[in-house]
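Good morning, everyone, and thank you for making time for this. I would like to walk you through a structure, one part after another, so please have a look at it before I go on.

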Amino acid sequence: MSEALLQVQAIDVAYGDIQVLHQLSFEVREGEIVTLLGSNGAGKTTTLRAITGLRPPSAGDIRFRGQSLQAVPPAARASLGMALVPEGRELWAQLTVRENLELGAYGPQARPHIGRNLERVFTLFPRLAERQKQVAGSLSGGEQQMCAIGRALMSEPSFLMLDEPSLGLAPLLVDQVMKTIAELHAGGITILLVEQNLHRALEVSQRGFVIETGRLRLQGSSAELAENPEIRAAYLGL
Amino acid sequence: MERFIDLAVSAVLLAGLYATMAYGLGMIYGVLRVVNLAHGGVIMAGAYMGWVLHGRLGLDPYLSIPLVVGASYLLGVGMYKVLVRHLPRGAAGGPASLLLLFGFWLVLRNAAYLLFTGNDQSITTTWSTRSVALLGTHISATRLAVLGVGVLVPLGLHALLRHTHLGRAIRAVAQNPDSCTLVGVDVERIYTITFGLGTALAGLAGLLSATIFAFNPGSGSGELLKSFVVVVLGGLGSVLGTGIAALILAVVEVFAILVMPSYLTAAVGFIMLVLVLVIRPGGLFGHRVLG
Ligand SMILES: Nc1ncnc2c1ncn2[C@@H]1O[C@H](COP(=O)(O)OP(=O)(O)OP(=O)(O)O)[C@@H](O)[C@H]1O
Ligand SMILES: [Mg+2]
């Protein structure tokens with residue numbers, strides 16, 4: 001068994017007086033592809049914000065490759081090898097596609113390799129190469145998602161988090177995004193995927209966690225979760 | 001006709017100064033969502049810096065540009081680190097930051113009264129009175145120099161914003177700071193640099209203006225108002241928009257002399273501000289931020 005790449009240890013996260021995550025713990029091991037499941041408002045995005053440092057936990061600890069992230073400023077975390085494709089893409093709408101991608105390699109480790117990684121991203125998403133001079137705000141939803149994934153890949157992350165990458169995309173595009181995620185995983189990137197689209201998520205991932213109102217509710221292999229009657233009732237409408 | 005050309009030329013010459021003034025205000029608002037009400041105070045401070053360097057050290061105002069710009073940049077960095085960083089931003093933080101920055105202006109103003117008294121000053125050099133013959137009229141050499149600097153500096157900043165990693169990061173922070181943090185941009189550092197650059201532009205504008213106009217510690221409010229008009233008219237930090245808006249303001253102000261008594265021309269900027277806010281609240285050139 002490979003060792004834990006990411007350890008979330010009993011974290012509490014609050015927005016003002018409202019506590020959103022309660023003693024949440026889970027692990028992602030090197031080389032895995034794991035899905036974090038949960039209904040609207042369960043705290044999935046908040047979990048990823050805690051990991052990236054945008055919303056630091058008020059209690060508990062998060063470790064990456066064994067190192068506590070408490071003392072690592074959020075802007076320094078990309079250099080450790082983690083990247084996030086945020087919910088709703090969060091591109092810089094008035095910058096060009098190429099500028100969005102180049103900024104993905106802003107960190108000191110990534111900057112010398114901009115050329116190589118641009119090429120990699122353009123090979124993965126030829127559409128982005130065609131549109132590189134357009135501002136990101138003018139792209140279609142699917143292209144924006146590609147751009148957001150491409151931006152995250154520009155720093156050559158070893159650990160990639162994706163927050164509902166299929167949200168708002170047509171079924172055909174969802175297929176493509178899921179296929180890309182599977183390819184990235186096959187290429188050696190450890191992946192933490194947040195999804196509401198349970199079917200698709202469990203298809204591509206090996207394991208899953210379910211959180212409910214900020215607490216860990218269930219975990220297991222994707223096959224187990226897909227068979228779980230509670231989950232089938234709650235998420236698959238079966 | 002000759003008078004018309006004279007007026008047109010003086011409008012163009014003023015436009016560079018207005019653009020420099022306004023660009024700093026627009027840049028700070030565009031990136032930090034803070035209205036720098038101390039802008040007028042820094043313009044006044046820039047004028048006195050140039051005046052002191054000229055009076056005490058005999059330094060030509062154009063040679064003192066790097067010193068004044070550098071000192072104003074550091075002043076801006078200090079203002080950001082000590083004051084602005086702790087303020088709530090955006091619509092919610094409006095009143096708090098407006099009051100605090102206005103207070104800082106009053107401090108600057110009173111410091112200037114103490115140091116330099118309330119007398120009008122100006123920077124006059126040996127070549128202040130020279131002029132160049134152009135387009136059949138005589139153009140003051142200082143005004144030409146002010147125009148040159150006022151065009152070159154915003155263009156230089158435009159290049160910085162467009163073509164450097166730092167510049168791209170500044171534009172990106174203006175649009176989505178969290179995404180910047182995610183890719184490794186230290187957003188606080190960008191805020192500090194931007195506030196410094198905006199303040200440096202104000203200091204430079206003060207220095208340039210001091211070579212043309214008289215000033216005293218109370219100066220700066222007219223300049224602040226003009227900066228507002230240009231920003232509202234031209235958009236936030238769009239160099240072309242700022243340039244065109246500065247030209248429009250300068251033309252309207254200068255030609256207003258033909259149709260109204262001179263003591264009223266100062267109100268022209270204010271009238272334009274109100275008109276633009278009513279007719280085109282988004283500015284003449286849309287909402288583009290920086291670039
Ligand atoms: N900035 C915020 N301020 C206050 N409360 C917030 C904020 N962001 C999220 N919340 C609250 O925290 C809870 C968890 O939100 P979060 O966005 O993490 O959920 P989620 O699982 O990602 O939901 P979704 O599937 O809708 O994206 C929700 O109740 C939400 O209302
Ligand atoms: Mg979410």
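**Chain B and a magnesium site**

Let me begin with the surface: the accessible surface of chain B comes to about 12,300 Å², and carbon and sulfur atoms account for 70% of it. Please keep in mind that what you see is a predicted model.

As for the fold, chain B has 11 helices and two strands, and if you follow the chain from the N terminus, you pass four helices, then the two strands, and then seven helices. The radius of gyration of chain B is 19 Å, close to the 19 Å that the globule rule gives for 291 residues, and so chain B is as compact as a globular protein of that length. Its C-alpha atoms fill a box of roughly 60 × 45 × 35 Å along the principal axes, and buried residues make up 53% of the 291 residues in chain B. If we take the contacts in chain B between residues at least 6 apart in sequence, 78% of them join residues at least 24 apart.

Turning now to the metal, which protein donors does the magnesium ion, ligand 2, have? They are OG1 of A:Thr45 and OE of A:Glu87, which lie 1.9 to 2.1 Å from the ion. A:Thr45 belongs to helix α1 of chain A, while A:Glu87 sits in the loop between β6 and α2 of that chain, so the pair ties together parts that are 42 residues apart in sequence. A:Thr45, at 26% relative accessibility, counts as partly exposed, and A:Glu87, at 31%, counts as partly exposed as well.

Notes: Residues are numbered from 1 along each chain as its sequence is written. Chains are lettered from A and ligands numbered from 1 in the order in which they are written. This is a predicted model: local features need pLDDT of at least 70, side-chain atom pairs count only at pLDDT 80 or more; totals for chains, interfaces and linings use all residues. Side-chain values use heavy atoms; hydrogens and water are left out. The radius of gyration is taken over C-alpha atoms; the globule rule is 2.2 Å times the number of residues to the power 0.38. Buried means under 20% relative accessible area, exposed over 50%, partly exposed in between (1.4 Å probe, protein chains only). Contact means heavy atoms within 4.5 Å. Accessible areas come from the Shrake-Rupley method with a 1.4 Å probe; for residues, only the protein chains shown count as cover. Donors are N, O and S atoms within 2.8 Å of the metal (3.2 Å for Na, K and Ca); water is not among the atoms, so sites may look incomplete.
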